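Grab a pencil and work through these exercises one at a time. Try each task before you read its solution.

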Amino acid sequence: MAHIWPIGGGKGGSGKSFLASSMGRLLAKSGKKTLLIDLDLGAANLHTMVDVPYPEKCFSDFISKKISALEDTVLPTPFPNLFLISGAHDSLDIANLPYEKKIKTLKAIARLPYEYIILDLGAGTAFNTLDFFLASRHGIFITTPEPTSIENVYRLMRAIYLRRIRHYFSAADFKTLEKKVREHLGDDSLNKPENIVSIIKKEFPEKYALIRKDFNSFRFKLILNQLRKQDNTVLGEQICKIIKKHLGIHVEFAGNIAYDEHVHDAICQRVCFLDRYPHTRAANDLRVVNKKMGSAFGEQLMLNYL
Amino acid sequence: MEKDFDQMNYYEMLDIGTKATAAEIRSAYNVALQMYQSDSLVSYSFFSKEERDRILSLIDKAYFTLINEAQRARYDEEMNLCETSGSADQSKAGSQPVNIFEFNRQDMAFLARKNNKSELKTKISQSQSIREILSRQKITGADLKAIREELGVAVETIHQETKIRLDYLNDIEEDKTGKLPAPVFLKGFIKAYLKSICIERADEISALYMSGLPDKN
């Protein structure tokens, strides 16, 4: 079964597509059959990053049933072993993917015959993004060392946490839970899944045990992108520490990627950054991160939608 | 969440072990401030203002309790965290970091030691056996140990005060001549040892000790 790496970051411009294309490129180069899927629905541009300027098929064709099998929407890229499902010509209302289509997509993704599948997700915390992120237990968060970006990545984490908790409750049960949380902690506490979990622990201990077990099996990763010289290099580790301590989610810090003007140049020239500027610091950091992730992910990957 | 922050003990709050040294506590406190202070990037938007204030006040409380040895001992006792065996401590003592900073500034510890010094001096002048040892023509490590034990000073106290490694102190006292540091250091160590237990004429006695050592070459 494929290893699925969803890449999400909350904020736009934090480097999700860049990371997706670079990781895909590195994996393909090491001989792994790799597929990139552009799930930044409504704002797709992964095709530009991997030099497929005129994709003739796209993800939307699968949704609109023009192409019946998701596999048939796969495009080759100029790089050997690297394939793409583009979102370039997605219909304009693709962002509002209905629930059953989303489930259908997730099931189709799980069956694709590739070694690695990288999902490039959109900014924000729409249900689509959250569900695609939760398609695998190996989601990757990416953020830059700026308050705005960090704010959004925390929001994304909390949203994902809450989304996952909701899986364990029926609509009616969740309503009563919400009511209890309000009674105990006040109105604005619903924004914090950690508060909800503390109530679950009290009121539904058997569900709490299930949720704990579930979250312990997740292997989230965090990557800090666009780190400038003056930035705090231990920031990523401290973020992971805070999340562990206060949110109870285990996120492993996968590494820093240096800020590099060359990334901008490479994107403007529409060439692969790693090929154009292989000896820059950022390129080196990418290789280090990729190596670390490749070894850390190792074996099995559990999918909830199979 | 394993535990609410308010329910953690002070060691968990600062992410340190129950045997952390003062220097470790201090650096853990600095890290915690870096993470939780209101201008920190790490926890930006993560907490509401009230939550942050509460966490910061807890961290302050944790730090000021643990950094004060007396309060820490009391806290440990309350929480039942106190170390079970002193012997395990001793065996590891050689590798333990030395207490280099004196944190309890307003504490009475400083005064207490001063009193201790004058007490030592009177003891030395009164003790027959110490005078006898000091009048000898040859001083060995065993003699130093005898003096120290007569005065009732623990070897750890000397270690803390002189910053000389415990294993060196033990080797000196047991006259393990093969294991001792180079003479140039050893002479200074002996002097520091003697001064820390308030023996006068430290220069003279350390010279006596050195001359009594078997020649290595």
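**Exercise 1. Find how far apart the centres of domain 1 and domain 2 of chain B lie.**

Step 1: get the bounds. In chain B, domain 1 covers 5-87 and domain 2 covers 109-212; such bounds come from an automatic or database domain assignment.
Step 2: take the centres over C-alpha atoms, and you get 38 Å between the two domains of chain B.

A quick word on the ground rules: this is a predicted model, where local features need pLDDT of at least 70, side-chain atom pairs count only at pLDDT 80 or more, and totals for chains, interfaces and linings use all residues. Residues are numbered from 1 along each chain as its sequence is written, while chains are lettered from A and ligands numbered from 1 in the order in which they are written.

**Exercise 2. Work out the secondary structure and burial of chain B.**

Step 1: count DSSP runs, with helices being H or I of at least four residues and strands being E of at least two, numbered from the N terminus. Chain B comes out with 12 helices and 0 strands.
Step 2: call a residue buried if 20 or more other C-beta atoms, placed from the backbone, lie within 10 Å of its own (exposed is 12 or fewer, partly exposed is in between). For chain B, that gives 21% of 217 residues.

**Exercise 3. Do the same for chain A, then check its compactness.**

Step 1: chain A has 13 helices and 8 strands.
Step 2: its radius of gyration, taken over C-alpha atoms, is 19 Å, close to the 19 Å from the globule rule for 306 residues, so chain A is as compact as a globular protein of that length. The rule is 2.2 Å times the number of residues to the power 0.38.
Step 3: buried residues are 45% of the 306 in chain A.

**Exercise 4. Describe how α6(A) packs on α8(A).**

Step 1: fit axes to C-alpha atoms over the stretch in contact, with angles from 0 to 180 degrees between N-to-C directions. Helix α6 (residues 147-166) and helix α8 (residues 193-203) of chain A come within 9 Å and cross at roughly 30 degrees.
Step 2: name the arrangement. That angle makes α6(A) roughly parallel to α8(A), a label for angles under 35 degrees (over 145 is roughly antiparallel, 65 to 115 roughly perpendicular, the rest oblique).
Step 3: list contacts, meaning C-beta atoms, placed from the backbone, within 7 Å. Arg158(A), Tyr161(A), Leu162(A) and Ile165(A) of α6(A) meet Pro193(A), Ile196(A) and Val197(A) of α8(A).

Definitions and conventions
Two residues are in contact if their C-beta atoms, placed from the backbone, lie within 7 Å.
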